[in-house]
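I sat down with this model to go through its rings, its metal site and its surface. Here are my notes in the order I took them.

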Amino acid sequence: MIQTRGYAAIAPHTPLAPFEFTRRDLGARDVQIEIGYAGICHSDIHQVREEWGPSIFPMVPGHEIVGKVVALGSEAGKHKIGDTVGVGVFVDSCRNCANCLAGNEQYCLEGLVPTYNGYEKDGTTPTYGGYSKVIVIDERYVLRVPSSLPTSGVAPLLCAGITLYSPLKHWSAGPNKRVGIIGLGGLGHMGVKFAHALGAEVTLFSHSPGKESDARRFGADHFVLDTDKEALKKGRNSYDLILSTVSAEMDLNPYLQLLGMDSTLVIIGLPGKPLAIAAENLLSQRRSVAGSMIGGIQETQEMLDFCGEHGIVSDVEVVSAGEINLAYDRTVKSDVKYRFVIDAATF
Ligand code: NAP
Ligand code: ZN
Ligand code: ZN
């Protein structure tokens with residue numbers, strides 16, 4: 001076993017604290033990664049606080065991981081020692097179901113293995129995430145990171161980045177398309193950057209008046225506050241695609257009304273409570289509501305390569321391990337520019 005340390009929540013609602021634990025010895029196709037940075041995703045907070053139902057404790061959160069390969073299993077050939085690599089929201093899947101075979105491992109029908117708050121394929125060994133110094137993962141679930149990108153800004157691409165890139169590609173965001181992103185947080189700011197880079201006309205919808213200049217710097221053409229009823233009325237029936245990244249309960253109906261003919265509102269934020277949608281807002285303009293969850297391994301690699309080509313990374317605030325609990329509170333208050341990333345050297 002490989003000894004390591006990180007930060008864990010010992011029980012729901014307890015502050016995260018230093019935690020020592022072990023990683024498995026390297027299997028034939030495993031990669032041992034010395035973690036450089038781990039992003040703080042709002043999903044970490046939802047799970048530590050059991051906002052999605054019961055979680056597994058102790059919990060070492062973290063599924064936005066970037067680091068360096070320091071050891072390889074005897075048959076591992078996809079990465080080399082010294083490579084900069086990334087790990088995202090899952091570390092294994094069944095590999096055989098129709099979705100896995102199609103490269104949609106995130107929708108595995110048999111048993112996705114989450115990076116933390118889940119169990120390995122044996123069904124009993126808990127998985128521990130990226131708030132730690134070292135992780136051991138099968139090479140097939142490890143991504144190559146373009147060497148041109150600053151690694152602290154890369155970590156959030158492994159969840160926030162792919163989670164917005166995938167639906168933007170799936171629903172064909174591009175030139176001559178009006179795309180709306182609701183919420184300028186970790187996910188939302190990546191959505192603005194990607195939608196802009198893909199050539200779409202981008203509107204950022206926010207409940208925070210102070211975020212307009214940042215939204216425009218990331219590539220938004222328009223900024224609309226959720227209290228600006230006039231702007232919401234003017235935009236009716238005109239959008240091709242709207243992605244909601246909001247982490248809290250909210251009324252989606254005013255945003256549905258913005259969609260034009262045959263257009264789609266994609267739910268990405270996951271507050272944990274059912275949504276209330278007025279039927280007439282779907283009937284009118286034959287609108288759709290859909291959901292989207294992270295992305296597959298091949299698409300995540302495509303996203304990282306796209307970031308390399310376009311020089312895209314997350315805007316981050318780097319924090320030390322001792323600042324994690326404060327960073328959680330600030331994230332819940334929408335007070336982060338625009339992703340906290342933990343420096344793993346401080347674990
Ligand atoms: P985040 O950084 O906290 O951003 C969420 C944003 O939502 C905030 O910055 C804020 O934007 C807006 N917001 C927050 N509270 C609000 C309120 N009361 N009313 C209106 N708007 C509010 O969170 P994140 O890490 O981007 O994650 C966002 C959500 O996506 C979380 O629920 C997370 O669990 C989920 N998620 C889903 C997937 C997936 O695969 N579908 C993957 C990762 C995360 P403004 O200040 O601009 O209003
Ligand atoms: Zn996440
Ligand atoms: Zn599968």
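Before counting rings I fixed the rule: rings of Phe, Tyr and Trp (its six-membered ring) pair if their centres lie within 6.5 Å. I also kept in mind that this is a predicted model.

**Aromatic pairs**

How many aromatic pairs does the structure hold? I get eleven.

I looked up F19 and Y128 in detail. Their rings sit 5.9 Å centre to centre with 65° between the planes, which makes the pair edge-to-face. F19 is in strand β2 (residues 17–23), while Y128 is in the loop between β7 (113–114) and β8 (134–138), so this contact ties together parts that are 109 residues apart in sequence.

Buried or exposed? I checked both, with buried meaning under 20% relative accessible area. F19 comes out at 15% relative accessibility, so I put it down as buried. Y128 is at 17%, so it counts as buried too.

My next pair was F194 and F306. The ring centres are 6.0 Å apart and the planes stand at 55°, so I logged this pair as tilted. It also links distant parts of the chain: F194 belongs to helix α5 (residues 186–197) and F306 to helix α10 (residues 297–310), 112 residues apart. I have both F194 and F306 down as buried.

Back at F19, I noticed a cluster: ring pairs link F19, F21 and Y128.

**A charge over a ring**

What lies over the face of Y239? I found R178 there, at 4.5 Å from the ring centre.

**Zinc site**

Which residues are the protein donors of the zinc ion (ligand 2)? I list C41 through SG, H63 through NE2 and C159 through SG, at 2.0 to 2.3 Å from the ion. Along the sequence I read the spacing of these donor residues as C-x21-H-x95-C. H63 lies in the loop between α1 (42–48) and β4 (65–72), and C159 in the loop between α3 (151–154) and α4 (160–170), so the H63 and C159 pair ties together parts that are 96 residues apart in sequence. H63 and C159 are both buried.

**Surface**

Last, I went looking on the outside. L275, I277 and V289 make a nonpolar surface patch of about 200 Å². I traced I277 to the loop between β14 (259–267) and α9 (279–283). Its relative accessibility is 30%, so I277 goes into my notes as partly exposed.

Methods
Residues are numbered from 1 along each chain as its sequence is written. Chains are lettered from A and ligands numbered from 1 in the order in which they are written. This is a predicted model: local features need pLDDT of at least 70, side-chain atom pairs count only at pLDDT 80 or more; totals for chains, interfaces and linings use all residues. Side-chain values use heavy atoms; hydrogens and water are left out. Patches are made of residues with over 30% relative accessible area and no salt bridge: like charges are joined within 9 Å, nonpolar side chains (Val, Leu, Ile, Met, Phe, Trp, Tyr) within 5 Å. Accessible areas come from the Shrake-Rupley method with a 1.4 Å probe; for residues, only the protein chains shown count as cover. A salt bridge is a side-chain nitrogen of Lys or Arg within 4 Å of a carboxyl oxygen of Asp or Glu. Helices (H or I, at least four residues) and strands (E, at least two) are DSSP runs, numbered from the N terminus. Buried means under 20% relative accessible area, exposed over 50%, partly exposed in between (1.4 Å probe, protein chains only). Donors are N, O and S atoms within 2.8 Å of the metal (3.2 Å for Na, K and Ca); water is not among the atoms, so sites may look incomplete. Rings of Phe, Tyr and Trp (its six-membered ring) pair if their centres lie within 6.5 Å; planes under 30 degrees apart count as stacked, over 60 as edge-to-face and the rest as tilted. A charge sits over a ring if NZ of Lys or CZ of Arg is within 6 Å of the ring centre and within 35 degrees of the ring normal.
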